[in-house]
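Visitor: I've got a model to go through with you. Can you pull it up so we can talk it over?

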Amino acid sequence: MLRPRIPVNPLPTGIITPLVQPTAPTTDIESTACHHDHTPAPVSAPPRIQVPAVRLAPAGLVTVVAGGVGLVLVVGTVLVSMLLAVAVSATSVAICAVVLRSLLNGQHKRR
């Protein structure tokens, strides 16, 4: 019914060639018998790439372990200090709420 129109694509040389689509399938092509094998050639496996192993000397291993422990301690200290800051803020807000409530209740009783 509706056929999309394919735009003409200009080549980098400046020659414009339209894309050709066959309008009807052609069936007048004769098949010729050939005398050779059409099986694909076996594909060899790609070569394995050997990644060199990382080898650490005892001093290097101690350095890596000490760096990891130091990183864990620093991250833990930061997280604990953030939790402590939240707890102190919540406590101070709660104390302010209790003081304000007692002040407001005291004013209502005097009237």
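Visitor: Which residues make the nonpolar surface patch of about 690 Å²?

Guide: This is a predicted model, where local features need pLDDT of at least 70, side-chain atom pairs need 80 or more, and totals for chains, interfaces and linings use all residues. Side-chain values use heavy atoms, without hydrogens or water, and numbering starts from 1 along each chain as its sequence is written. Patch members have over 30% relative accessible area (Shrake-Rupley, 1.4 Å probe, only the protein chains shown as cover) and no salt bridge (Lys or Arg side-chain nitrogen within 4 Å of an Asp or Glu carboxyl oxygen), with nonpolar side chains (Val, Leu, Ile, Met, Phe, Trp, Tyr) joined within 5 Å and like charges within 9 Å. That gives Val54, Leu56, Leu61, Val64, Val65, Val69 and Leu73.

Visitor: Why does Val69 count as partly exposed?

Guide: Val69 sits in helix α1, residues 58-110 (a DSSP run of H or I, at least four residues; strands are E, at least two). Buried means under 20%, exposed over 50%, partly exposed in between. Val69 is partly exposed because its relative accessibility is 46%.

Visitor: What share of the 111 residues is buried?

Guide: The protein exposes about 11500 Å². Its buried share is 0%.

Terms used: Buried means under 20% relative accessible area, exposed over 50%, partly exposed in between (1.4 Å probe, protein chains only).
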